[in-house]
Amino acid sequence: MAAGRPCTASAPARPPTGLHVFAIALALEVSVGKTNTVTALNNSNVLLPCTFTTCIGFQDLVFTWYFNSTELLILAPLPRQIYHGKIKNKATEPTPIWHNPRVEFVGSTTKKDNNISIVLNGVEFSDAGKYTCHVKNPKEKNAQHNATIFLTVVHKMVETDNTVTLIIVGVVGGLIGLLILFMLIKRVVLFIIKKTQDGKKECLVSSSGNDNTENGLAGSKAEQKAPPKA
């Protein structure tokens, strides 16, 4: 995938500090989404997504979808080009210049996203391969960028077996549950031990206090007894 060309704009005047301010952004960038692979069932219709962004807008923008080739030659065989369109500006929708009869344009460039996606109808096994979305913007000195998506065609969609995943998740969940249960039991046991020890301490303090009180009273009575007269 080619890299977007940076567009730079310098500040109109030099600041007093002597520093220059530059605004840097990607001039043109094309994307096919988070993943560049798509799987389609034989004889079905498949969406090939593509969007583009530009920092200064576009004028007379041209976009082309290629199959199994990114060669941008005028004399390139027509079968490699499956859709060719042009967009006057942001206020107008794309105008098809040429397209394969099985290809349908489903995007829109007058909304928030510059969407130039297409749908390939009646997918066949021979349609499997590389699809390239190419964009050229004359307003940005003919800046060009492209993105590629790979199509796989299958006879039957294979169901993913999640048995192993479910077993792993179950084991991990069980271990976490046991760990939580162990921690709760530990806290309960520690709480009971602490309460038992506190109770013993209270008993010891109470018993010691009673002993001291009894000894004190006995002493007082002994002191209060008058000495025998001679």
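Strands are taken as DSSP runs of E of at least two residues and helices as runs of H or I of at least four, both numbered from the N terminus; two strands pair if DSSP finds at least two bridges between them. The structure is a predicted model, in which local features need pLDDT of at least 70 and side-chain atom pairs count only at pLDDT 80 or more, whereas totals for chains, interfaces and linings use all residues. Residues are numbered from 1 along each chain as its sequence is written, and side-chain values use heavy atoms, with hydrogens and water left out.

The protein chain contains one helix and 14 strands. Of its 230 residues, 24% are buried (under 20% relative accessible area; exposed is over 50% and partly exposed lies in between, with a 1.4 Å probe and protein chains only). Contacts are defined by heavy atoms within 4.5 Å; among those between residues at least 6 apart in sequence, 56% join residues at least 24 apart.

Strands 3, 6 and 11 form an open sheet in the order 3-6-11, with antiparallel pairing. Strand 3 and strand 11 (114-115) are the edge strands, each pairing on one side only. Strand 3 and strand 6 (residues 51-54) are joined by four bridges, and E29 has T53 of strand 6 as its bridge partner.

The largest nonpolar core (buried Ala, Val, Leu, Ile, Met, Phe, Trp, Tyr and Cys residues joined through side-chain atoms within 4.5 Å) comprises 30 residues, of which F52, W65, I116, Y131, V135 and L151 touch the most other members. Elements giving two or more residues to this core include strand 3 (28-31), strand 7 (61-67), strand 13 (129-137) and strand 14 (143-154). Strand 14 supplies the largest share, five residues. Leaving aside residues up to four places away in sequence, V135 touches L28, V30, F52, L61, V62, F63, I116, A143, Q144 and H145.

T109 lies in the loop between strand 10 (103-105) and strand 11. T109 counts as buried because its relative accessible area is 0%. Beyond four places in sequence, the contacts of T109 include F52, I87, P94 and I116.

Helix 1 spans residues 163-224 and includes L190, which is partly exposed because its relative accessibility is 48%. L190 also belongs to a nonpolar surface patch of about 840 Å², made together with I167, V171, L175, L178, L181, I185, V189 and I193. Such patches consist of residues with over 30% relative accessible area and no salt bridge, with nonpolar side chains (Val, Leu, Ile, Met, Phe, Trp, Tyr) joined within 5 Å and like charges within 9 Å; a salt bridge is a side-chain nitrogen of Lys or Arg within 4 Å of a carboxyl oxygen of Asp or Glu.

Terms used:
Areas by Shrake-Rupley, 256 points an atom, 1.4 Å probe, with all protein chains shown as cover.
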